[in-house]
Amino acid sequence: MGRWLENTVTTEVQASADKVWTVWSDLEAMPKWMRWIESVKTQDDDPDLTDWILAAQGFRFTWKARITQRVEEQQLHWSSVGGLPTKGAVRFYPQTPDCTVVKLSVSYELPRVLAPLMDPSILGGIVTKELQANLDRFRDLVEIVD
(Lines give C-alpha, C1' and ligand atoms only; values in the text may rest on other atoms or scores of the structure.)
Protein backbone atom coordinates (compact mmCIF):
# COMPACT_ATOMS: atom_id res chain seq x y z
CA MET A 1 0.00 0.00 0.00
CA GLY A 2 1.33 3.40 -0.97
CA ARG A 3 1.35 6.77 0.70
CA TRP A 4 -1.93 8.68 0.96
CA LEU A 5 -2.06 12.44 0.35
CA GLU A 6 -4.87 14.79 1.31
CA ASN A 7 -5.71 18.20 -0.07
CA THR A 8 -8.39 20.58 1.20
CA VAL A 9 -9.54 23.82 -0.42
CA THR A 10 -12.40 26.25 0.18
CA THR A 11 -14.16 29.02 -1.64
CA GLU A 12 -17.06 31.35 -0.92
CA VAL A 13 -19.88 31.30 -3.47
CA GLN A 14 -22.36 34.15 -3.74
CA ALA A 15 -25.35 31.82 -4.07
CA SER A 16 -27.72 29.83 -1.91
CA ALA A 17 -26.75 26.38 -0.68
CA ASP A 18 -29.58 24.96 -2.79
CA LYS A 19 -28.16 26.46 -5.97
CA VAL A 20 -24.58 25.42 -5.11
CA TRP A 21 -25.78 21.87 -4.36
CA THR A 22 -27.71 21.65 -7.63
CA VAL A 23 -24.71 22.62 -9.74
CA TRP A 24 -22.30 20.36 -7.83
CA SER A 25 -24.70 17.40 -7.99
CA ASP A 26 -24.42 17.28 -11.78
CA LEU A 27 -21.28 15.13 -11.61
CA GLU A 28 -21.14 14.55 -15.36
CA ALA A 29 -20.72 18.32 -15.85
CA MET A 30 -17.57 18.45 -13.68
CA PRO A 31 -15.18 18.48 -16.67
CA LYS A 32 -16.58 21.97 -17.48
CA TRP A 33 -14.89 23.40 -14.40
CA MET A 34 -12.50 20.69 -13.14
CA ARG A 35 -9.62 20.89 -15.59
CA TRP A 36 -7.90 17.54 -15.01
CA ILE A 37 -11.16 15.57 -15.09
CA GLU A 38 -11.69 14.34 -18.62
CA SER A 39 -15.01 12.61 -17.97
CA VAL A 40 -17.46 11.44 -15.34
CA LYS A 41 -20.10 8.90 -16.26
CA THR A 42 -22.91 7.93 -13.89
CA GLN A 43 -23.96 4.29 -14.05
CA ASP A 44 -27.48 3.92 -15.48
CA ASP A 45 -28.45 1.24 -12.96
CA ASP A 46 -26.82 2.87 -9.92
CA PRO A 47 -26.74 6.70 -9.66
CA ASP A 48 -24.32 6.49 -6.71
CA LEU A 49 -21.66 4.76 -8.83
CA THR A 50 -19.55 6.77 -11.29
CA ASP A 51 -16.67 6.15 -13.68
CA TRP A 52 -13.94 8.81 -13.69
CA ILE A 53 -11.06 9.63 -16.04
CA LEU A 54 -8.34 12.07 -14.99
CA ALA A 55 -5.75 13.21 -17.51
CA ALA A 56 -2.90 15.53 -16.52
CA GLN A 57 0.69 16.14 -17.50
CA GLY A 58 0.75 13.13 -19.83
CA PHE A 59 -0.66 10.74 -17.20
CA ARG A 60 -4.09 9.15 -17.29
CA PHE A 61 -5.87 7.57 -14.32
CA THR A 62 -9.27 5.89 -14.10
CA TRP A 63 -11.40 4.80 -11.18
CA LYS A 64 -14.91 4.00 -10.09
CA ALA A 65 -16.32 5.92 -7.16
CA ARG A 66 -19.30 5.29 -4.95
CA ILE A 67 -21.17 8.03 -3.11
CA THR A 68 -21.05 6.88 0.50
CA GLN A 69 -22.98 9.73 2.11
CA ARG A 70 -25.33 12.32 0.67
CA VAL A 71 -27.04 14.99 2.74
CA GLU A 72 -28.88 17.33 0.38
CA GLU A 73 -27.46 20.88 0.39
CA GLN A 74 -24.93 19.94 3.12
CA GLN A 75 -22.40 17.28 2.11
CA LEU A 76 -21.42 14.56 -0.31
CA HIS A 77 -18.80 11.88 0.47
CA TRP A 78 -17.29 9.33 -1.90
CA SER A 79 -14.75 6.55 -2.05
CA SER A 80 -13.23 4.70 -4.98
CA VAL A 81 -14.20 1.09 -5.48
CA GLY A 82 -11.75 0.34 -8.26
CA GLY A 83 -8.85 1.96 -10.06
CA LEU A 84 -7.02 4.93 -8.51
CA PRO A 85 -7.54 4.79 -4.71
CA THR A 86 -9.31 8.01 -3.77
CA LYS A 87 -11.88 9.33 -1.31
CA GLY A 88 -13.19 12.67 -0.31
CA ALA A 89 -15.99 14.98 0.66
CA VAL A 90 -17.49 18.27 -0.32
CA ARG A 91 -19.34 20.27 2.30
CA PHE A 92 -21.58 23.29 1.93
CA TYR A 93 -21.80 25.86 4.72
CA PRO A 94 -24.54 28.50 4.26
CA GLN A 95 -23.31 31.84 5.58
CA THR A 96 -26.37 33.85 4.54
CA PRO A 97 -29.32 32.99 2.28
CA ASP A 98 -27.18 34.05 -0.71
CA CYS A 99 -23.68 33.01 0.35
CA THR A 100 -22.28 29.49 0.78
CA VAL A 101 -18.79 28.35 1.70
CA VAL A 102 -17.74 25.21 -0.16
CA LYS A 103 -15.02 23.00 1.36
CA LEU A 104 -13.55 20.24 -0.79
CA SER A 105 -11.29 17.54 0.68
CA VAL A 106 -9.72 14.94 -1.59
CA SER A 107 -7.50 12.06 -0.44
CA TYR A 108 -5.68 9.76 -2.85
CA GLU A 109 -2.98 7.17 -2.82
CA LEU A 110 0.20 8.42 -4.47
CA PRO A 111 0.22 6.60 -7.82
CA ARG A 112 3.19 4.25 -8.05
CA VAL A 113 4.11 5.65 -11.45
CA LEU A 114 4.56 9.12 -9.87
CA ALA A 115 6.37 8.03 -6.68
CA PRO A 116 9.87 7.88 -8.23
CA LEU A 117 9.28 11.06 -10.27
CA MET A 118 8.00 13.50 -7.69
CA ASP A 119 8.32 14.20 -3.99
CA PRO A 120 4.88 13.85 -2.34
CA SER A 121 5.05 17.38 -0.90
CA ILE A 122 5.62 18.82 -4.38
CA LEU A 123 2.77 16.77 -5.84
CA GLY A 124 0.54 17.82 -2.94
CA GLY A 125 1.29 21.48 -3.64
CA ILE A 126 0.50 21.07 -7.32
CA VAL A 127 -2.76 19.25 -6.56
CA THR A 128 -3.83 21.82 -3.95
CA LYS A 129 -3.21 24.67 -6.39
CA GLU A 130 -5.16 22.87 -9.12
CA LEU A 131 -8.05 21.99 -6.82
CA GLN A 132 -8.28 25.61 -5.66
CA ALA A 133 -8.34 26.84 -9.27
CA ASN A 134 -11.04 24.27 -10.06
CA LEU A 135 -13.13 25.26 -7.06
CA ASP A 136 -12.79 28.92 -8.05
CA ARG A 137 -14.00 28.02 -11.59
CA PHE A 138 -16.93 26.21 -9.96
CA ARG A 139 -17.70 29.35 -7.93
CA ASP A 140 -17.62 31.48 -11.08
CA LEU A 141 -19.90 29.04 -12.89
CA VAL A 142 -22.45 28.98 -10.07
CA GLU A 143 -22.47 32.76 -9.76
CA ILE A 144 -23.29 33.26 -13.45
CA VAL A 145 -25.92 30.48 -13.68
CA ASP A 146 -29.44 31.85 -13.49
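This passage describes the fold, the nonpolar core, the aromatic pairs and two individual residues of a predicted protein model.

The structure is a predicted model, in which local features require pLDDT of at least 70 and side-chain atom pairs count only at pLDDT 80 or more, whereas totals for chains, interfaces and linings use all residues. Residues are numbered from 1 along each chain as its sequence is written, and side-chain values use heavy atoms, with hydrogens and water left out. The mean pLDDT (the predictor's confidence in each residue, from 0 to 100) of the protein chain is 90, and 89% of its residues reach 70 or more.

Helices (H or I, at least four residues) and strands (E, at least two) were taken as DSSP runs, numbered from the N terminus. The protein chain contains two helices and seven strands, arranged along the sequence in the pattern β-α-β-β-β-β-β-β-α. Among these elements, strand β6 (residues 86-96) has the highest mean pLDDT, 97, and helix α2 (residues 120-144) the lowest, 88. Contact denotes heavy atoms within 4.5 Å; of the contacts between residues at least 6 apart in sequence, 47% join residues at least 24 apart. The chain exposes about 8,000 Å², of which carbon and sulfur atoms supply 52%; accessible areas come from the Shrake-Rupley method with a 1.4 Å probe, and for residues only the protein chains shown count as cover.

Of the 146 residues in the chain, 42% are buried (under 20% relative accessible area, with exposed over 50% and partly exposed in between; 1.4 Å probe, protein chains only). In soluble globular proteins, nonpolar side chains tend to be buried together. A nonpolar core is a set of buried Ala, Val, Leu, Ile, Met, Phe, Trp, Tyr and Cys residues joined through side-chain atoms within 4.5 Å. The largest such core has 37 residues, of which Val20, Trp24, Val90, Val102, Leu104 and Phe138 touch the most other members. Helix α2 contributes the largest share of this core, five residues. Beyond four places in sequence, Val20 touches Val13, Ala15, Phe92, Thr100, Val102, Phe138 and Val142.

Rings of Phe, Tyr and Trp (its six-membered ring) pair if their centres lie within 6.5 Å; planes under 30 degrees apart count as stacked, over 60 as edge-to-face and the rest as tilted. Seven aromatic pairs were found by this rule. The rings of Trp24 and Phe138 are edge-to-face, because their centres are 5.0 Å apart and their planes lie at 75 degrees. This pair links distant parts of the chain, with Trp24 in helix α1 (residues 17-25) and Phe138 in helix α2, 114 residues apart. Both residues are buried, Trp24 at 2% relative accessibility and Phe138 at 0%. The rings of Phe59 and Phe61, by contrast, have centres 6.3 Å apart and planes at 10 degrees, so this pair is stacked. Phe59 is partly exposed at 27%, whereas Phe61 is buried at 15%. Ring pairs also link Trp21, Trp24, Trp33, Phe92 and Phe138 into a cluster.

Leu135 lies in helix α2 and is buried, with a relative accessible area of 0%. Its C-alpha atom is separated by 6.7 Å from that of Thr11, although the two residues are 124 residues apart along the chain. Outside its neighbours within four places in sequence, Leu135 contacts Val9, Thr10, Thr11, Trp24, Val102 and Leu104.

Gln75, in strand β5 (residues 75-83), is buried at 18% relative accessibility. The side chains of Gln75 and His77 are joined by a polar contact of 2.6 Å (a pair of N or O atoms within 3.5 Å; within protein, one must be able to donate a hydrogen and the other to accept it, and residues adjacent in sequence count only if both atoms are side-chain atoms).
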